[in-house]
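Subject: A structure for you to look through

Hi,

I am passing a structure on to you, and below it you will find my notes on what turned up in it. Please keep the 3D view open while you read.

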Amino acid sequence: PQGTLIGKNAIGGAVSLHTTKPSDTFYGRAEVSVGNFNSRVVRGLVSGPISDTVFGKVTASWRERDGYVTSVTNGDKFSDQQTWGLRGSLLFAPSDAVEIVLTGDYSRSDEFANGRILVGDADPATADILWGIAQATDPDAANDFTKTFADNQGVADTEIAGLAATISWDVGPGTLTSITAYRESEYLNLDDIPAWDLAVADVIDAATFIDESANQFSQEFRYNASSMDDRLQWVAGLYYLREDVQRDENTQVFVTATEFTPFGRSFSHQDNTTDSFSVFADATYDFNDVFSLTVGGRYTSEEKDIQQIGVVPLVVTHTINENYDIMDSESWTAFTPRIVLQLQATDSIFLYASASEGFKSGGYEGTAATEVAARTPFDQEEATALELGAKMDLWDDRLRLNAAIFATDYNDLQ
């Protein structure tokens with residue numbers, strides 16, 4: 001877990017990706033690739049100086065690929081790729097002590113749905129209506145990830161945009177950094193659920209529609225510094241996040257007896273607002289050239305306010321069993337420490353031992369079946385990890401061996 005520095009939801013570790021900053025010399029790069037399923041990818045960037053103190057960078061990407069899942073009902077393709085994106089950044093360097101980076105990005109995908117796969121034991125003798133349909137339509141399609149019984153390609157559209165400002169200022173023995181960011185997203189999904197068995201003899205088809213929008217604002221302040229003749233490296237900071245997510249979801253069931261007219265439609269609305277605040281610190285002390293110790297901790301406080309509306313189908317219940325309209329609020333706190341012992345035994349042998357904790361806040365069930373379920377929060381997830389490891393270059397650096405033994409204990413796994 002990386003709960004100390006990365007924060008909440010880094011309960012199983014984190015991979016941190018950083019794009020390069022605008023460069024002080026002009027350069028460009030382009031890449032074109034093709035592949036199977038008619039895959040085509042085009043990517044490129046241009047970076048360079050605008051003035052003596054201002055530098056810019058623009059990147060773009062476009063990706064298309066035909067679907068690899070085929071409907072056995074009508075031959076339509078699912079699980080394709082149709083995406084593109086732009087990203088631009090400006091770097092201002094008004095002095096040797098101050099750097100400002102402004103970044104904006106936008107991406108969009110307009111794709112078909114994934115195409116659900118029928119899995120299980122396709123026994124011709126079974127009385128299960130799922131397998132009866134499978135045997136009658138295409139006996140080889142069950143358990144085949146390239147085939148689906150869905151007859152509606154649906155949609156899976158996503159639109160994401162973000163802005164960020166990073167200001168770094170050399171103050172005293174270290175650097176004060178401010179990161180201000182805003183991001184919003186829109187998600188639209190129509191998913192055909194073929195042959196959905198509801199223990200009702202003539203129910204054979206269903207579809208789910210999801211419309212979700214989200215926006216979030218975050219602010220981080222941190223100070224990095226070295227002390228005691230660079231034997232102590234440390235960082236301390238504050239972090240705040242506010243996120244609002246609104247999600248509408250309905251599931252509609254169709255039946256044979258009524259010639260595929262709607263048999264029951266459930267509706268769910270969820271409006272969730274999250275406020276999360278944390279304070280953190282982490283320090284590494286080098287006792288000598290061989291041994292060092294890292295100690296850190298993060299305290300997180302998070303609150304979620306929720307409104308949930310559920311509308312039960314008129315004819316047959318499936319996802320929602322009763323009508324409700326509720327509002328609720330809950331908060332969670334956690335302290336996530338870490339400690340790491342590091343031993344540089346030789347120039348080519350590095351040994352370490354670590355203990356760390358991670359945290360993911362609790363929440364509320366979406367598309368809850370009942371009012372009680374809708375207003376009952378689930379507990380926060382916690383993880384404790386222990387690890388011993390070694391990184392070694394052997395045989396005159398001709399062999400590199402990395403080894404680790406670790407254990408992770410989860411509590412209230414979500």
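**The chain as a whole**

About 22,800 Å² of the chain's surface is accessible, and carbon and sulfur atoms account for 56% of that. Please keep in mind that this is a predicted model. The average pLDDT of the chain is 89, and 88% of the residues reach at least 70. One stretch to treat with care is residues 196-203, where pLDDT stays under 50. For that stretch the model has 24 contacts beyond four places in sequence.

The chain contains two helices and 18 strands. Of its 414 residues, 35% are buried. If you take the contacts with a separation of 6 or more, 63% of them are between residues 24 or more positions apart.

**A sheet to start with**

In what order do the strands of the open sheet of three strands come? The order is β5-β4-β8, and the pairing is mixed. Because β5 (77-78) and β8 (147-148) each have a single partner strand, they stand at the edges, and one side of each has no neighbour in the sheet. Strand β4 (residues 69-71) and β5 run antiparallel and are joined by two bridges. If you want to find one of the residue pairs here, look for V69, whose bridge partner in β5 is F78.

**Salt bridges between strands**

There are 15 salt bridges in the structure. Here are three of them, one by one.

Begin with E64 and R40, whose side chains form a salt bridge with an N to O distance of 3.0 Å. E64 belongs to strand β3 (residues 54-65) and R40 to strand β2 (residues 39-49), so this pair ties together parts that lie 24 residues apart in sequence. Is E64 buried or exposed? E64 is buried, because its relative accessible area of 18% falls under the 20% cut-off. R40, at 27% relative accessibility, counts as partly exposed.

Next come R242 and D275, which meet through their side chains in a salt bridge of 2.8 Å, N to O. R242 sits in strand β12 and D275 in strand β13 (residues 262-286), so parts that are 33 residues apart in sequence are tied together by the pair. R242 is partly exposed, at 41% relative accessibility, while D275 is buried, with a relative accessible area of 19%.

The third pair is D282 and R338, with their closest N and O atoms 3.0 Å apart. D282 is in strand β13 and R338 in strand β15 (residues 324-346), so this salt bridge ties together parts that are 56 residues apart in sequence. D282 counts as buried, at 7% relative accessibility, and R338 is partly exposed, with a relative accessible area of 22%. Elsewhere, R108, D110 and E159 are joined into one network by salt bridges that share partners.

**Two residues to click on**

Try T273, which lies in strand β13. T273 has a relative accessible area of 15% and is buried. What joins the side chains of T273 and D244? They are joined by a polar contact of 2.8 Å. Leaving out residues up to four places away in sequence, T273 touches R242, E243, D244, E303, K304 and D305. You have already come across R242 in the salt bridge with D275.

Then go to N250 in strand β12 (residues 232-255). N250 counts as buried, at 19% relative accessibility. Which residues is N250 in contact with, leaving aside its neighbours within four places in sequence? They are A207, T208, F209, R265, S266 and F267. You can also try P313, which is 63 residues from N250 in sequence, with 9.9 Å between their C-alpha atoms in space.

Enjoy exploring it!

Best wishes

Conventions
Residues are numbered from 1 along each chain as its sequence is written. This is a predicted model: local features need pLDDT of at least 70, side-chain atom pairs count only at pLDDT 80 or more; totals for chains, interfaces and linings use all residues. Side-chain values use heavy atoms; hydrogens and water are left out. Helices (H or I, at least four residues) and strands (E, at least two) are DSSP runs, numbered from the N terminus. Buried means under 20% relative accessible area, exposed over 50%, partly exposed in between (1.4 Å probe, protein chains only). Contact means heavy atoms within 4.5 Å. A salt bridge is a side-chain nitrogen of Lys or Arg within 4 Å of a carboxyl oxygen of Asp or Glu. Accessible areas come from the Shrake-Rupley method with a 1.4 Å probe; for residues, only the protein chains shown count as cover. A polar contact is a pair of N or O atoms within 3.5 Å; within protein, one must be able to donate a hydrogen and the other to accept it, and residues adjacent in sequence count only if both atoms are side-chain atoms. Two strands pair if DSSP finds at least two bridges between them. pLDDT is the predictor's confidence in each residue, from 0 to 100.
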